[in-house]
Amino acid sequence: MTATAEGKRAEVGSARLRKEDAHLITGRSRFTDNMVLPGMMHLAMVRSPFAHAKITAIDTSAALASPGVFAVLTGADVAGEQGSLPNAWPVTPDQKAPDHPAIAVEEVAFAGEIVAVVIARSAAAARDAVELVDVDYSELPVVMDLEEAATDKILAHTSLASNKSATWVFDSGDAGTGTAIAEALANSDVVVERTLYQQRLIPAFMEPRSTVVDPTGEQITMWSATQIPHILRLMLALTLGIPESKVRVIAPDVGGGFGGKLQVTPEEIITVVAARRMGKPCKFTETRSESLQVAHHGRAQVQRLKIGATKDGIVTGLHVDLLADMGAYLGLITSGIPVLGAFMYNSIYKFPAYHFECHNIFTNKAWTDAYRGAGRPEATFAIERMMDELAVELGMDPLELREKNWIKHTEFPFTTVAGLEYDTGNYEAATEKALSLFGYEELRAEQKLRRDSNDPVQLGIGISTFTEMCGLAPSRVLGALSYAAGGWEHAQVRVLPTGNVEVVTGSSAHGQGHETAWSQLVADRLGVPFENVEVLHGDTQVAQRGLDTYGSRSLAVGGMAVLAAADKVIEKARAVAAHIMEASEDDLEFANGSFSVKGTETSTSFGEIAFAVFSAHNLPDGMEPNLDSEATYDPVNFSYPHGTHLAAIEVDTETGAVTIRKYVCVDDIGVVVNPMIVEGQVHGGLAQGIAQALFEEAVYDDAGTLVSGSFVDYLVPSAADLPHYITGRTETPSTTNQLGAKGVGEAGTIASTPAIVNGVIDAVRHLGVKDIKMPCTPARVWHALQEAKTTGGAA
């Protein structure tokens, strides 16, 4: 027995340095490409230079004769075993999709599609032999433009009668007839119509994708730079017909993902097929050019929008007609990305009528899929741009218009026109704090002075007030949307004899800080030192159950599973403590890592209980000698972080150069576990959102060749290109989980793009510019200004 432990440092809310960083910054990291196995062979892919063509012949003889080459496999060679890559989200019962073999057999549908694989002694020998594989093609017409593809004049696949994969509709009116929105807009005093464009983006993660497969043991073991080891394991089993128990997937250190590694890739399938064929370990690591060309892309939408309002600025209805570019194929959740956005176009505003219609269209480009935010950035960009456009039409301050229409903090919980229930929020508080940090009125006054003096450098103010649905769940909702998987997460808390703790989590981190945050959660809950908690993840043999990491679900779903498992540990320990101290369980209190008897100084520590359970000398009758516990958590609702982002933008009207003079963001993400991790997530998200607004675009020529296929042409911003951010937080805890947490991983990306673009347009609107397509490069801004001079408007 010991005296009750003194109070210890509260971990939740503490800016702990990340446990993960030490091995990363001291060169002890182990990425997939670092793997070297005995007898390992190396793969290189033969890729089509054409965006659409029939494969008429493949001659592999010269490649086979090349030094160090063991084999060359074509699609015809493996047609019976490679299966078709999975799509886990058939959004409609009549969704159309072509077969998607990992190695094309008869037809290629985008430049970069794999037509053969070389297996060699070294990566260099494999790459050299790729040049010796002679492929004859018969070119077919290509369709690259999304709006042209929607007309079906040119088909992206000869096996399909249309480029339309699916049409998904949501309507807030009776029976989804569209009459409610039609009446709402017809009765509006003002209706604003715009067509906005979401350019195609490339996730551009730091570590290119890499896969190693060892087929020599009882199991097939795959190491992969993936976000989704558990889902990948299942999909490998289903696609290749291998018993799931015979597949092990390990995600070692993973150098970023941003949704770009939320995929079952052709290269992963091919590496398994090659390893099984050869009976030897095989490795494939893509080059940066391959990564940019064929790793799935993001965004790529045409948004046709109508918003109605009264003359006093009360919104009356919102109509969204969307064309979504699938690219050449449907990836794991390609078809569902625009559906995720469907529930967010109404955002924080009280629309009485809403209609959303999305047409998923095939083109001859790399396929699209999840990219940071996945549908929500597209929706937020659209509604925040439209609120600015509506404010101009009404002659109102854009902030005043937003405040007139947003959900007040006294109205929560609030059921939106899209059918979601927002549990908590306080848009007024976040906006008030952002305004105080920003100096809104002073900047408006400066803007007027610059306009009045015809300053060549004009000032614009960009606004984005947003919310998002994250913590991708609950399972029943996902099922109702035809998503194949659930939204639950699993965790196990294991107590060692010394009182140290192992946390096994199904959330697979690739930079998010799980090892640190989960240690903080468990240290607080069990009262053990932070340093005595170890987090295990990313290996389907260690963490046998899980649904992995994406959609800002880690803390709001995975973290709750960890806490639930820890609570079960406490209840097991309570029974042991009561037995040891000869007290009733009801008379015990647990705090600071010790059980004590109420009203006495008698206590026993968690470490003492752990060893007592290990020794099993004195346990309650019938109790098993372990405290280990596990839990599966399935949320009852999404979580809804929100915030207000404000940007002061300077535009040089003589050169088109755009400078971010000041950027303020105030986010409400509920209860914060580690402020330093949160700050890093916000900064990273802002960088990617600003990059879409000002820098990044995947560009193809008319023949289907990616011309932005290196970082010379695909402009990822550096730290020098980005401003100093002024960040702040407000806190309205979520009521849907015990911690009160929401999500933060995608907030910066979702909110920042419209804030920047609204600021750019606001700087030059008085000069006749109404819109500029992203990215707002100096050339595009300058051309818009020149066009405005001659036509009185620009787009």
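Begin by selecting His319 and then look across to strand S15, where the bridge partner of His319 is His355. Keep in mind throughout that this is a predicted model. Widen the selection to the two strands concerned, S14 and S15 (residues 354–362), and you will find them paired in the parallel sense over nine bridges. Add helix H9 (residues 337–342) to the view, since S14, H9 and S15 together make a right-handed β-α-β unit.

Stay with strand S14, which covers residues 315–327 and is mostly covered, with 13 of its 13 residues buried. Next select strand S13 (residues 298–309), which pairs with S14 in the antiparallel sense over nine bridges; within this pairing, Ile307 stands opposite Leu318 of S14. S13 and S14 form a hairpin with five residues between them, and in the turn you can pick out Gly313, which has a positive phi of about 95 degrees.

Now move to another part of the model, an open sheet of seven strands with mixed pairing, whose order is S3-S5-S1-S12-S9-S10-S11. Its edge strands, each pairing on one side only, are S3 (69–74) and S11 (247–250), and the twist averages 20 degrees from one strand to the next. Strands of a sheet pair through backbone hydrogen bonds, either parallel or antiparallel.

At the S3 edge, select strand S5 (residues 114–120), which runs antiparallel to S3 and is joined to S3 by five bridges; one pair to show is Val72 with its bridge partner in S5, Val118. Then bring in helix H3 (residues 123–130), which packs on the sheet and touches S1 (41–47), S3 and S5, with a direction that makes about 25 degrees with that of S1. At the S11 edge, select helix H6 (residues 229–240), which lies across S10 (220–224) and S11 and runs at about 150 degrees to S11.

From there, go to helix H19 (residues 747–764), where 18 of 18 residues are buried. At 1.5 Å a residue the 18 residues of H19 should span 26 Å, and the end C-alpha atoms are 27 Å apart, which agrees.

Finish with the cysteines. How many disulfides does a search of the whole structure find? The search finds zero. Select Cys665, whose sulfur is 16 Å from the closest cysteine sulfur, that of Cys470, and therefore too far for a bond. Cys665 counts as buried because its relative accessibility is 0%, and Cys358, at 1% relative accessibility, counts as buried too.

Methods
Residues numbered from 1 in each chain as written. Predicted model: local features only at pLDDT ≥ 70, side-chain atom pairs only at ≥ 80, totals over all residues. Heavy atoms only, no water. Pairing = 2+ DSSP bridges. Helix = DSSP H or I, 4+ residues; strand = E, 2+ residues; numbered from the N terminus. Axes fitted to C-alpha atoms, helices over the stretch in contact; angles between N-to-C directions. Contact = heavy atoms within 4.5 Å. Expected span 1.5 Å × (residues − 1). Buried < 20%, exposed > 50% of the residue type's maximum accessible area, 1.4 Å probe, protein only. Disulfide = S-S within 2.5 Å. Right-handed = clockwise from strand over helix to strand, strands pointing away.
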